[in-house]
Amino acid sequence: MTMTTQQFDFNGRNIFIAGGTSGINLGIAEAFARAGASLAVMSRAQEKVNAAVERLQEFGSEAIGFSADVRDFQAVETSLKEAHETLGEIDVLISGAAGNFPAPVLGMSANGFKSVIDIDLLGTFNVLRAGYAFLKKPGSTVINISAPQAFVPTPLQAHVCAAKAGVDMLTRVLALEWGDQGIRINSIVPGPIEGTEGMARLAPTKESQAAVAASVPMKRMGTKHDVAKLALVLASPLAEYINGAVIPVDGGWSLTGFGDLMKTLSMQFKS
Ligand code: NAP
Ligand code: COA
């Protein structure tokens with residue numbers, strides 16, 4: 001127990017979270033703030049950035065924020081540069097910005113497909129490509145926030161499936177390219193997480209949320225805290241030999257496949 005407490009002391013460590021202003025990613029930011037880290041969060045909406053920074057400062061942590069779109073490489077790079085100037089070298093870089101809407105392939109335009117690919121996949125490339133210069137070497141950790149759709153083919157989610165599969169492949173390739181510089185990179189794969197925008201979009205009603213919970217082997221949705229705990233472990237010395245891994249924190253959900261579940265849920269989107 002004593003050892004665990006020491007491992008989760010992030011005092012003096014700097015965490016940058018792209019898409020860190022709401023939901024699962026803000027939950028991760030809060031966990032690091034509680035553990036004493038300094039935080040930089042980035043997303044598009046200035047009001048969300050301001051609210052997240054205020055929230056993180058409540059933990060007594062240094063927190064700064066940036067408004068930028070992950071699809072804009074220059075804007076991402078400027079945010080990371082300013083975070084580096086203010087906080088110092090980045091110890092933990094997290095790429096978690098994402099977009100999602102439920103639609104069959106025939107119900108989505110090329111631009112709709114592209115918008116999710118650009119946010120999730122190109123956005124992750126931008127964050128990692130620009131972030132590399134500001135990472136502590138050796139000794140830093142990169143975490144990509146993926147999704148079960150990366151490896152479970154899912155109706156109404158072709159864009160997310162393709163984008164997150166790409167994100168996980170970036171994780172694996174960069175584990176090979178950056179490992180010898182002492183940078184570890186892993187993907188976290190959250191399952192269905194209660195009280196999030198992602199779940200609100202896929203299962204907007206109480207009934208559909210109950211169906212999702214019932215489909216999880218552990219018979220409940222996950223919490224933001226469930227995901228944040230894995231992020232703390234991956235960024236800690238406890239995970240010092242874990243590199244290039246794609247790790248679900250989903251109560252076993254992705255083992256079940258959920259094509260039938262999504263077909264059931266899709267009934268709610270039919271007029
Ligand atoms: P969320 O609250 O909507 O979080 C998305 C974050 O990304 C927000 O901070 C959003 O802020 C930011 N963002 C979106 N588009 C952006 C862009 N173009 N540029 C910069 N920032 C952008 O959603 P969530 O449900 O918690 O999801 C968080 C992560 O977990 C995502 O990577 C998602 O794929 C993954 N995930 C979620 C679930 C789930 O059950 N919810 C399951 C599996 C995986 P702005 O609007 O201000 O830009
Ligand atoms: N069904 C089909 N197509 C849709 C759609 C839906 N429900 N919602 C958006 N689209 C299409 C739009 O029609 C547009 O295509 P078009 O130009 O051919 O008409 C395309 O997607 C882009 O939409 P736009 O609103 O301009 O994109 P954006 O870049 O402002 O926003 C989204 C990106 C669509 C992903 C938006 O939902 C978003 O910002 N999401 C972030 C939050 C989120 O999704 N959180 C959950 C994370 S898991």
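Ala, Val, Leu, Ile, Met, Phe, Trp, Tyr, Cys and Pro count here as nonpolar, Asp, Glu, Lys and Arg as charged, and the others, Gly among them, as polar. This is a predicted model, in which local features need pLDDT of at least 70, side-chain atom pairs count only at pLDDT 80 or more, and totals for chains, interfaces and linings use all residues. Residues are numbered from 1 along each chain as its sequence is written, chains are lettered from A and ligands numbered from 1 in the order in which they are written, and side-chain values use heavy atoms, with hydrogens and water left out.

**View 1. The shell around ligand 1.** The shell holds 14 nonpolar, eleven polar and six charged residues. Of the 31 residues around the ligand (near: a heavy atom within 4 Å), those that come nearest are Thr-21, Ser-22, Ser-43, Arg-44 and Thr-196. Helix 2 (23-34) and helix 7 (197-202) each supply at least two residues of this shell; helices are DSSP runs of H or I, at least four residues, numbered from the N terminus.

**View 2. Polar contacts of ligand 1.** A polar contact is a pair of N or O atoms within 3.5 Å. The side chain of Thr-196 places an N or O atom 2.7 Å from a nitrogen atom of ligand 1. A backbone N or O atom of Val-70 is 2.9 Å from a nitrogen atom of the ligand, and one of Ile-24 is 2.9 Å from a ligand oxygen atom.

**View 3. Leu-174 in helix 6.** Leu-174 belongs to helix 6 (residues 158-178). Its C-alpha atom is 9.4 Å from that of Asn-243, 69 residues apart along the chain.

Terms used
A polar contact is a pair of N or O atoms within 3.5 Å; within protein, one must be able to donate a hydrogen and the other to accept it, and residues adjacent in sequence count only if both atoms are side-chain atoms.
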